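Reader: I have the model open and want to go through the helix packing, then a few odd residues. Can you take me through it?

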Amino acid sequence: MSGPAAGTARADATAEVVCLGESMVTFLPSQPGRLADVPSFGRGIGGAESNVACALAAAGHRAAWVGRVGADGFGDHLVETIAGYGVDTSAVRRDPVRPTGIYFRTATDRGAGAHEVAYYRAGSAASAMSPANVPYEEVFAGRVLHLSGITAALSADCLELLRDLTAPRPGRPLVSFDVNHRPHLWRGGDATVLLELARRCDLVFVGEDEAEEAWGIVGAEAIRAALPEPGVVVVKRGSAGATVFSGRRPGPRSSNAGGAEIAAGAGSSGAAARPTEGGGAETVTPVPALRVDVVAAVGAGDAFAAGFLSATLRGLPVRDRVRHGHLMAAAVLTVPGDLTEPPARDHADRLVALDDEAWGRLRLGPGWTAADRAPEEVRTP
């Protein structure tokens, strides 16, 4: 096994959240248009799991990223940039043979028909991650392990790794899983494996649109019915907001009582309790989305997960966890790239504490995260 990357950084204390997955160097267009017509690109970084780690670190949490990069300049750039956000990168491994993945994208929204992405990640260093070369002692060191379905699509070895990491085991941290269905990665593959993986986790993030596309499951209630095991299921509903199903506890399958305690949230306004088959009550919490003046619709899902996880670590009620997710997503949506400085914690807490009517009046645009902006300054007239 190769050693940690040059330029890595180690946190002073054990990470609260460990994020594992591929990060790539991304090339961002200098102007709108087809890839064939864009004259130049700026360099950035992209990767669902490292995005979450960077956002959590920027929000004041101890976060670590575990991945595999090439022994090349792009690998250096990734590790140094991610470490620059305050993320512990000491468990990143260098592959002496395989390269660091890169990709190019257009400036349009990922959901738009004109959106193009050109990936150069086949055979990348990250695609070689497996149970044999990932440092498990580092992966399981935090209170939360965050994974995504993107890793499962990279190779058979990566899928084996995710199956192993989500398997029941004593002392397992809370396992957070963002489905992150990427159709282009599953061409010729079976994306229903993402459902199998999600059912083995404690906290699951999934969009209504991706559940329908990947599994043929329509609607939040049907998604929860297909995912009965996780203690918390967050169904993202686009402009309609998010609905959280919580209150069920993982059984003996996970040996994860501690994780269940972290995942469980206190009640909140707007939540409805209902009985479950095993007794007790499940809470259904719908939380409206914010109105946002979008600059670029990239990285919002990762930011939402980071905001939700941050509030989960703080033990906040479910409604507040979702609101923090919305605010973290709004911070990214109002800048051009995948990452940005989140709002100061006290600023975000003031907005989260607004009553439902005031929350509904919020409209956030570029610059809204400035620490000196009071809640009333970001409301619509």
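Author: This is a predicted model. To start with one helix pair, H10 and H11 pack with their axes 7 Å apart, at an angle of about 145°.

Reader: What is the handedness of the crossing where H10 passes H11?

Author: H10 passes H11 in a right-handed crossing.

Reader: Which residues of H10 and H11 make the contact?

Author: From H10 the contact takes Ala-300, Ala-303, Phe-304, Ala-306, Gly-307, Phe-308, Ala-311 and Thr-312. H11 brings Asp-320, Arg-321, Val-322, His-324, Gly-325, His-326, Met-328, Ala-329, Val-332 and Leu-333. By class, the residues of this contact of H10 with H11 are 11 nonpolar, five polar and two charged.

Reader: Any general reason for spacings like that along a helix?

Author: An α-helix has 3.6 residues a turn, so residues three or four places apart point the same way.

Reader: Stay with H10. How do the axes of H1 and H10 cross?

Author: The axes of H1, residues 48–58, and H10, residues 300–313, come within 8 Å and cross at roughly 45°. H1 and H10 are therefore oblique to each other. Their crossing is right-handed.

Reader: And which residues meet there, between H1 and H10?

Author: Ala-48, Asn-51, Val-52, Ala-55 and Leu-56 of H1 meet Asp-302, Ala-305, Ala-306, Leu-309 and Ser-310 of H10. The contact of H1 with H10 has seven nonpolar residues, two polar and one charged.

Reader: How many residues of H1 are buried?

Author: 10 of its 11 residues are buried, so H1 is largely enclosed by the rest of the structure. The buried residues are Ala-48, Glu-49, Ser-50, Asn-51, Val-52, Ala-53, Cys-54, Ala-55, Leu-56 and Ala-57.

Reader: What follows H1?

Author: Gly-60 follows H1, and its phi is positive, near 100°.

Reader: Back to H11. How do the axes of H11 and H12 cross?

Author: The axes of H11, residues 318–333, and H12, residues 345–352, come within 10 Å and cross at roughly 120°. H11 and H12 are therefore oblique to each other. The crossing of H11 and H12 is right-handed.

Reader: Which residues of H11 and H12 meet?

Author: On the H11 side they are Arg-319, Asp-320, Arg-323, His-324 and Leu-327, and on the H12 side Ala-348, Asp-349, Leu-351 and Val-352. The residues of the contact of H11 with H12 divide into four nonpolar, one polar and four charged.

Reader: OK, odd residues now. What is unusual about the phi of Asn-180?

Author: Asn-180 has a positive phi of about 45° although it is not a glycine. Asn-180 sits in the loop between strand E10 (174–178) and helix H6 (193–198).

Reader: Buried or exposed, that Asn-180?

Author: Buried, because its relative accessibility is 7% and the cut-off for buried is under 20%.

Reader: Where is Ser-127?

Author: Ser-127 is in the loop between strand E8 (117–120) and helix H3 (136–139). At 11% relative accessibility, Ser-127 also counts as buried. Leaving out residues up to four places away in sequence, Ser-127 touches Leu-154, Ser-155 and Cys-158.

Reader: And Pro-32, buried or exposed?

Author: Pro-32 counts as exposed, at 65% relative accessibility. Pro-32 lies in the loop between strand E2 (24–29) and strand E3 (41–46). Pro-32 and Thr-106 are 74 residues apart along the chain, yet their C-alpha atoms are separated by 6.7 Å.

Reader: How far apart are Arg-363 and Leu-290?

Author: Arg-363 and Leu-290 are 73 residues apart in sequence and 6.6 Å apart in space, C-alpha to C-alpha. Arg-363 belongs to strand E17, residues 363–364. Arg-363 is partly exposed, with a relative accessible area of 41%.

Reader: Whole chain, then. How many helices and strands?

Author: The protein chain has 13 helices and 17 strands. Of its 381 residues, 56% are buried.

Reader: What share of the contacts joins residues at least 24 apart?

Author: Among contacts between residues at least 6 apart in sequence, 73% join residues at least 24 apart.

Reader: Last one, how much surface does the protein chain expose?

Author: About 14,900 Å², with carbon and sulfur atoms supplying 51% of it.

Definitions and conventions: Residues numbered from 1 in each chain as written. Predicted model: local features only at pLDDT ≥ 70, side-chain atom pairs only at ≥ 80, totals over all residues. Heavy atoms only, no water. Helix = DSSP H or I, 4+ residues; strand = E, 2+ residues; numbered from the N terminus. Buried < 20%, exposed > 50% of the residue type's maximum accessible area, 1.4 Å probe, protein only. Contact = heavy atoms within 4.5 Å. Areas by Shrake-Rupley, 256 points an atom, 1.4 Å probe, with all protein chains shown as cover. Axes fitted to C-alpha atoms, helices over the stretch in contact; angles between N-to-C directions. Parallel < 35°, antiparallel > 145°, perpendicular 65-115°, else oblique. Left-handed = near helix turned anticlockwise from the far one by under 90°. Nonpolar A, V, L, I, M, F, W, Y, C, P; charged D, E, K, R; others polar.
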